[in-house]
Amino acid sequence: GEALKETLTNCTEPLKAIEQFQVGRVAVEVPGGGVLLPSLQSALPFLDLHGTPRLEFHQSVFDELREKLLERVSAIALEGKVEERYKKLEDLLEKSFSLVKMPSIQPVVMCVMKHLPKVPEKKLKLVMADKDLYKACAVEVKRQIWQDNQALFGDEVSPLLKQYILEKENILFSNDISVLHNFFSPSPKTRRQGEVVQKLTQMIGKNVKLYDMVLQFLRTLFLRTRNVHYCTLRAELLMSLHDLEISEICTVDPCHKFTWCLDACIREKFVDNKRARELQGFLDGVKKGQEQVLGDLSMILCDPFAINTLALSTIRHLQDLVGQDTLPRESPDLLLLLRMLSLGQGAWDMIDSQVFKEPKMEAELITKFLPMLMSFVVDDLTFNVDQKLPSEEKGPIPYPSTIPEAFTKFLQENRIACEIGLYYILHITKQRNKNVFLRLLPALVETFSDLAFSDIFLHLLTGNLTLLGDEFALEEFCTSLFDGFFLTACSRKENVHRHVLRLLLHLHHKVAPAKLESLQKALEPTKQSGEAVKELYNQLTEKLELRKPSPAEVTETPSMELPLPTVPTPASR
């Protein structure tokens, strides 16, 4: 600077002096300035011949230099001793931070911050205070901001959690009804690739503090809403970090190995003996003074995918016990499944009360309810055998139609009994067993916490009912299903209304016309009905209109007597 000042002060021709100064040095400026090197003197006229503006040339050089600088910053972050590399980056940040709002330089500053494990607090506060800078900075920098600003982190996470719940509900209410592709069809690994889980995994990185914050958000929302999908997300998030081998988090989460083992069972949709022993070991291994971990374990077991696996395994065990002439209380594997079901179903109460103790299992569940369920299996097998015997000396034997009062009472008062009972009904529906289904259906009108009218059960039931499609032509079947079950709750539960309309959209062509007409009237939305119900009803109406024969046009009946053309008589011979 001083040399240039002296040259310009003492020279007689300032313009020539400036030109000589430019030629003798490299001059780089932001677009609008110049880049003059001896090797470029012959090349610049060549660019002029191609009509390339100097601005475009300068910009390309600037972009190239910035890319080189970004590469160098990334290289510094990996070379040399840890203290030395971070000292270099800190010095670079100190020199460049004043240019952070300049769009052309900002990427370099942000890159330096990204590679610093601890950005100076003063710089973080400046970034946090400026919306544009906060939006532009890398997630590595945001993590440093979030870990000391729970409210800000909550604002970032909240829309993702809402999106997650909405995605789950959309699957449950999907118009595509199928017994093969339902809510529980995707494998755990496939589910973990979902957008929300991946975004949360990236936001957390290896930061244990942020992971704990997300878990606290999920617990709070689960308590506030009782929505079990938050339990699913809790398990999926942990297993997503497990997939990436984030040991910093997996090793400190006491639920990691239990969740890992349960995840394998969910993948197989069955708890085998080996994994049952492992799961039992984890539960028995909870030491005195560490009971709080039961709250997290219960939340993992409250995940609908876990409940589905445990319930399916329970039904399978009960069938095996029938064949072995063994009582439920004599099966340790079955008792373990019931223990885990009980822990999962008691998650909300445990977290709400902060009393971390396994719920006590009711003895009557094992000694009375499960044997009763097994008796239904025996009744069905006996009836099928009787049907195959010669019936010359006796009339047709009717299928048992009554159900013990105790069965209905269990479904109303015991949550575990209700869950197992509902899964048994799903099981026999999937087997196309109309007789058992119609026998047990009346017991579903009143169940514990209206579980028979929950979205997950109705989603699975409507899918399984497609296998009994031909039965919908029968008045008795439709009356029992619709009038005796669905319509009892449609007016007070909008979700039931939606599920019935979904079912009819899929099977309306199977239902007798007279019954279909009465159902259409019964399911007509009221003013209080939501938009989803109205939309489904309109879709059903449109489908039914298309099925109706088009009205015949009123026209005159054409005469059957057609005028015959005159034919000349052949000459007589």
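Visitor: How much surface does the protein chain expose, and what share of it do carbon and sulfur atoms supply?

Guide: In this predicted model, the protein chain exposes about 32300 Å², and carbon and sulfur atoms supply 54% of that area. Buried residues, for their part, make up 44% of the 573 residues in the chain.

Visitor: Where on that surface is there a nonpolar patch, and which residues make it?

Guide: Leu 8, Leu 15 and Ile 18 make a nonpolar surface patch of about 280 Å². Of these residues, Leu 15 lies in helix H2, which runs over residues 14–24, and Leu 15 is exposed, with a relative accessible area of 72%, where the cut-off for exposed is over 50%.

Visitor: How should I read the overall form, and what is the radius of gyration of the protein chain beside that of a compact globule?

Guide: A compact globule of 573 residues would have a radius of gyration near 25 Å, whereas the protein chain has 37 Å. The C-alpha trace spans about 135 × 115 × 50 Å along its principal axes. The secondary structure comes to 30 helices and zero strands, and, among contacts between residues at least 6 apart in sequence, 70% join residues at least 24 apart.

Visitor: Which domains does the assignment give for the protein chain?

Guide: The domain assignment gives domain 1 (1–30), domain 2 (37–119), domain 3 (147–363) and domain 4 (405–542). The C-alpha centres of domain 1 and domain 4 lie 89 Å apart.

Visitor: Turning to charged side chains, how many salt bridges are there?

Guide: The general idea is that side chains of opposite charge can pair when their charged atoms come close. In this structure, with a limit of 4 Å between a side-chain nitrogen of Lys or Arg and a carboxyl oxygen of Asp or Glu, the count comes to 26 salt bridges.

Visitor: What separates Glu 195 and Lys 199 within helix H12?

Guide: Glu 195 and Lys 199 are four residues apart in helix H12 (residues 195–204), and they are therefore separated by about one helical turn. The two residues form a salt bridge in which the closest N and O atoms are 3.0 Å apart. Glu 195 is partly exposed, with a relative accessible area of 42%, and Lys 199 also counts as partly exposed, at 36%.

Visitor: Which parts of the chain does the salt bridge of Arg 277 and Asp 333 bring together?

Guide: The side chains of Arg 277 and Asp 333 meet in a salt bridge at 3.1 Å, N to O. This pair links distant parts of the chain, with Arg 277 in helix H17 (residues 273–284) and Asp 333 in helix H20 (residues 332–345), 56 residues apart. Arg 277 is partly exposed, with a relative accessible area of 40%, whereas Asp 333 is buried, with a relative accessible area of 15%.

Visitor: Where do Arg 492 and Asp 450 lie?

Guide: The side chains of Arg 492 and Asp 450 meet in a salt bridge at 3.0 Å, N to O. Here too the pair links distant parts of the chain: Arg 492 is in the loop between helix H27 (475–490) and helix H28 (494–507), while Asp 450 is in the loop between helix H25 (434–440) and helix H26 (455–465), 42 residues apart. Arg 492 is partly exposed, with a relative accessible area of 48%. Elsewhere, salt bridges that share partners join Arg 219, Arg 234, Asp 253 and Asp 296 into one network.

Visitor: Why is H26 described as largely enclosed by the rest of the structure?

Guide: H26 is largely enclosed by the rest of the structure because 10 of its 11 residues are buried, which here means under 20% relative accessible area. Among them are Ile 456, Phe 457, His 459, Gly 463 and Leu 465.

Visitor: What does Leu 467, in the loop between H26 and H27, touch?

Guide: Leaving aside residues up to four places away in sequence, Leu 467 touches Val 179, Thr 429, Lys 430 and Arg 432. Leu 467 is partly exposed, with a relative accessible area of 22%.

Visitor: What separation in space do Val 378 and Gln 319 have?

Guide: The C-alpha atoms of Val 378 and Gln 319 are separated by 9.6 Å, with their positions 59 residues apart along the chain. Val 378 lies in helix H22 (residues 363–388) and is partly exposed, with a relative accessible area of 38%.

Terms used
Residues are numbered from 1 along each chain as its sequence is written. This is a predicted model: local features need pLDDT of at least 70, side-chain atom pairs count only at pLDDT 80 or more; totals for chains, interfaces and linings use all residues. Side-chain values use heavy atoms; hydrogens and water are left out. Helices (H or I, at least four residues) and strands (E, at least two) are DSSP runs, numbered from the N terminus. Buried means under 20% relative accessible area, exposed over 50%, partly exposed in between (1.4 Å probe, protein chains only). Domain bounds come from an automatic or database domain assignment. Patches are made of residues with over 30% relative accessible area and no salt bridge: like charges are joined within 9 Å, nonpolar side chains (Val, Leu, Ile, Met, Phe, Trp, Tyr) within 5 Å. Accessible areas come from the Shrake-Rupley method with a 1.4 Å probe; for residues, only the protein chains shown count as cover. The radius of gyration is taken over C-alpha atoms; the globule rule is 2.2 Å times the number of residues to the power 0.38. Contact means heavy atoms within 4.5 Å.
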